[in-house]
Structure formats: structure tokens, C-alpha cells
Amino acid sequence: MDDNQGALAGSKTDKPGLSRRTLLHAATLHAAALGTGLTAAPLAASESTARRRRPVVVIGAGAFGGWTALWLQRQGADVTLIDTWGPGHSRASSGGESRVIRGMYGVDRVYTEWVVRAFEIWRDSARRWDADLYHPTGALWMFRGDDGYARASAPVLADAGLIAEPLTRKTARQRYPHIDFTGIEHLWYEAEAGYLTARRACRRVAQALVEEGGELRSAHVRPGPLDNGQMEYIELDNGERIHADAYVFACGPWLGDLFPDVIGDKINPSRQDVFYFGPPAGNHAFAEGRFPVWIDFGERIFYGVPG
């Protein structure tokens, strides 16, 4: 999922502190788990049934926590997924109706490669669950100045098997006569980009975890004490203690509250206001199929999702 969010439109501003991108790169290098390490390779069926399924607790049922829990369950762990208000709730970073998903990230190959893998998994999941969660509407990038970001992205996208092509304003006006391109210097179209139905996706991933043998609970979690680098247990708001081989904390902006000594105020969530616009009755020009995800790339970045 993209960190750009909006359903139908939003704006993005940067705040000081530990950025989401920095945090994700760190997470790539250091597993976000406290406890005994888990193998990254899936267990063969005979191995998984012969061995004890190792208990793992994942705290946070957003995009990161939900998918982490599901993959660990599929790899042979016995997973309990816990969220204070449940998957897809309105306070979550992964809540809301939609998120843009796109592969254009400048020269950041890690993000682009993750997106390629995500496209594969969303398509597979759509078939597996008979659920329409990924909507490949294409993304129209509109640059009010230099389009160096897109030009730098193009070879990275091509290496990953994705396509982004520049459009002339004449071609763009022919495709989208209902868009005012005043002030736009350059245009690019990214074919496989689109949007995800975020709230539905988080809930469907959690449902899949339960269907595949995991457990979903709603509770507030407090980290337990550490002993030689191992967390002994977590404690729920009712006083119950849960012991596991590993604990994964995917709590987004609440990580600083849970681990004030380690993270503290290094995570500063930024607010992205969302606006909804209703076209005139009977006007389907801005509906999916006739209108793409769009990104207005200027001094401030605005982006939107079709109806």
C-alpha cells in the first residue's frame, strides 16, 4: 500500500522526525520482532505438521501487521493477531476507504520491487478470496515543473517490468477532456498503478488469517519485561498475559507510546486531509473506468481516486 492516502483526494506534507520511508528501510534490515527468530523460508507440509507450531503474537492489524500475521501463519507459526479496535478501524493508519498503489518512487528500487511483488499478491488474493480489492485504474502523473522524478523512475520501473510513459498534453486532453491541464508542464501515465480498498483489505486479510487457523483478538496490549533480549510476555488490558516465541509490534504511530525509551517521539504522524466530491447527477466522467488515479505533483502534492 502507498503512504499516499485519499479517498477521493488528499494532500501530503512532510514532518520532521523519523520518516515512514526511513522506518521501512530499517525494518528491512532488522526484523520487527522481539523474541526467538523465525525462519523466513516456508516449512514443507511434512515439516510443519511434524514440528510444534511456534506461537507468535502480532500486535496491530493494519496493512503491515495483518499481512505479517498471515504470512507467518502460512509459514508454520501459530499466530495470534491483536488490535485494540479491530482491523480496518477508523483510527488506524491503514483505515479509510482507499489507498493509492503505484510503482513510481524515483530511484528507490526497494519500493518499486515491493510494489511489483504486491501486485502479484493482490491478484492472487483476489482469485483466492473472490474479492475485488486492487483496482488497476492507471495513474496520471501531472507535473507543474520539472518531471525529473518521473524520468528517474522510468528505468527503475522498466527493470521491474512496469511501464510509465510520457504523454503530450494533446494526448492527455483527448483521453481526459474533463480535466483542466492549466499549469501542467509534463504528464506521465503509469499503467498498473491504481488504488486499494484499504479498510476492506485489512478486514479480509484478518479474516483469511482466521480461516487458515490463526486467532484474531480485540484488546489493548502492553509490552512485557525483557530477559536477555527476549520479551517474556505481553499483557492485555484485562490482566491476561500471553507468552509466545516471538512478538511483532506493527502499531504505527502508537509505537512511541509502547516503547518510549527506544522510539519515543521519533515517529511524528502527519495529517492528510481527505475530501469527497460528488459529481452532478448522471455525470459518470469521473467514475472508475473513465478516470484514473491522479497525482498533481507541484510544490504540494495532491492526489485522488476515481468514484
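Start by selecting Val58 in strand E3 and Val248 in strand E17: Val248 is the bridge partner of Val58. The model is a predicted one. Extend the selection to residues 246-249, the whole of E17, and four bridges appear between E3 and E17, in the parallel sense.

**Strand E3 and its other neighbour**

Now select residues 55-59, which make up E3; four of these five residues are buried, so the strand is mostly covered under the cut-off of 20% relative accessible area. Add residues 78-83, strand E4. E3 and E4 run parallel and are joined by five bridges. To find the register, pick Val57, which stands opposite Thr80 of E4. Then show residues 63-74, helix H3, together with the two strands: E3, H3 and E4 make a β-α-β unit, and the unit is right-handed.

**The sheet of E12, E15 and E16**

Move to residues 221-223, 234-236 and 241-242. What is the order of the strands in this open sheet? The order is E12-E15-E16, and the pairing is antiparallel. E12 (221-223) and E16 (241-242) stand at the edges with a single partner strand each, so one side of each lacks a neighbour in the sheet. Zoom in on E15 and E16, where two bridges join the antiparallel strands. Label Ile234 and Ile242 here; Ile242 of E16 is the bridge partner of Ile234.

**Along helix H4**

Select residues 109-129. This is H4, with 21 residues and a span of 30 Å from first C-alpha to last, close to the 30 Å expected at 1.5 Å a residue. Colour its buried residues, among them Tyr111, Val115, Phe119, Trp122 and Trp129. Step past the end of the helix to Asp130, where phi is positive, near 55 degrees.

Keep Trp122 and Trp129 on display and add Trp67 and Trp71: the four form one aromatic cluster.

Next, show the charged side chains of the helix. Side chains of opposite charge can pair when their charged atoms come close. Asp124 and Arg128 are joined by a salt bridge, at 3.4 Å from N to O. Both residues lie in H4, four residues apart, about one turn of the helix. Residues three or four places apart point the same way because an α-helix has 3.6 residues a turn. Asp124 is partly exposed at 32% relative accessibility, and Arg128 is partly exposed at 46%.

Go to Arg109 and add Asp159. Their side chains meet in a salt bridge of 3.2 Å, N to O. Arg109 belongs to H4 and Asp159 to helix H5 (residues 148-159), so the pair ties together parts that are 50 residues apart in sequence. Are these two side chains buried or exposed? Arg109 counts as partly exposed, at 40% relative accessibility, while Asp159 is exposed, at 59%.

**Other salt bridges**

The structure holds 14 salt bridges. Select Glu211 and Arg204 for another of them, with the closest N and O atoms 3.5 Å apart. Arg204 is buried, with a relative accessible area of 14%. Then pick Asp146, Asp147 and Arg151, which are joined into one network by salt bridges that share partners.

**Rings and charges**

Turn to the aromatic side chains. There are 14 aromatic pairs in the whole structure. For one of them, select Phe286 and Phe291: the pair is edge-to-face, with 5.1 Å from centre to centre and 75 degrees between the planes. Phe286 is partly exposed, with a relative accessible area of 31%, whereas Phe291 counts as buried at 10%.

Two arginines can be viewed against rings. Arg91 has its charged end over the ring of Trp85, 4.1 Å from the ring centre. The charged end of Arg102 sits over the ring of Tyr105, 3.9 Å from its centre.

**Last stop: Gly307**

Finish in the segment after strand E20 (301-304), where Gly307 is found. Gly307 is exposed, with a relative accessible area of 68%. Which distance separates Gly307 from Ala287 in space? The two are 4.5 Å apart, C-alpha to C-alpha, and 20 residues apart in sequence.

Key:
Residues numbered from 1 in each chain as written. Predicted model: local features only at pLDDT ≥ 70, side-chain atom pairs only at ≥ 80, totals over all residues. Heavy atoms only, no water. Pairing = 2+ DSSP bridges. Buried < 20%, exposed > 50% of the residue type's maximum accessible area, 1.4 Å probe, protein only. Right-handed = clockwise from strand over helix to strand, strands pointing away. Expected span 1.5 Å × (residues − 1). Phe/Tyr/Trp six-rings, centres within 6.5 Å; stacked < 30°, edge-to-face > 60°. Lys NZ or Arg CZ within 6 Å of the ring centre and 35° of its normal. Salt bridge = Lys/Arg side-chain N within 4 Å of Asp/Glu carboxyl O.
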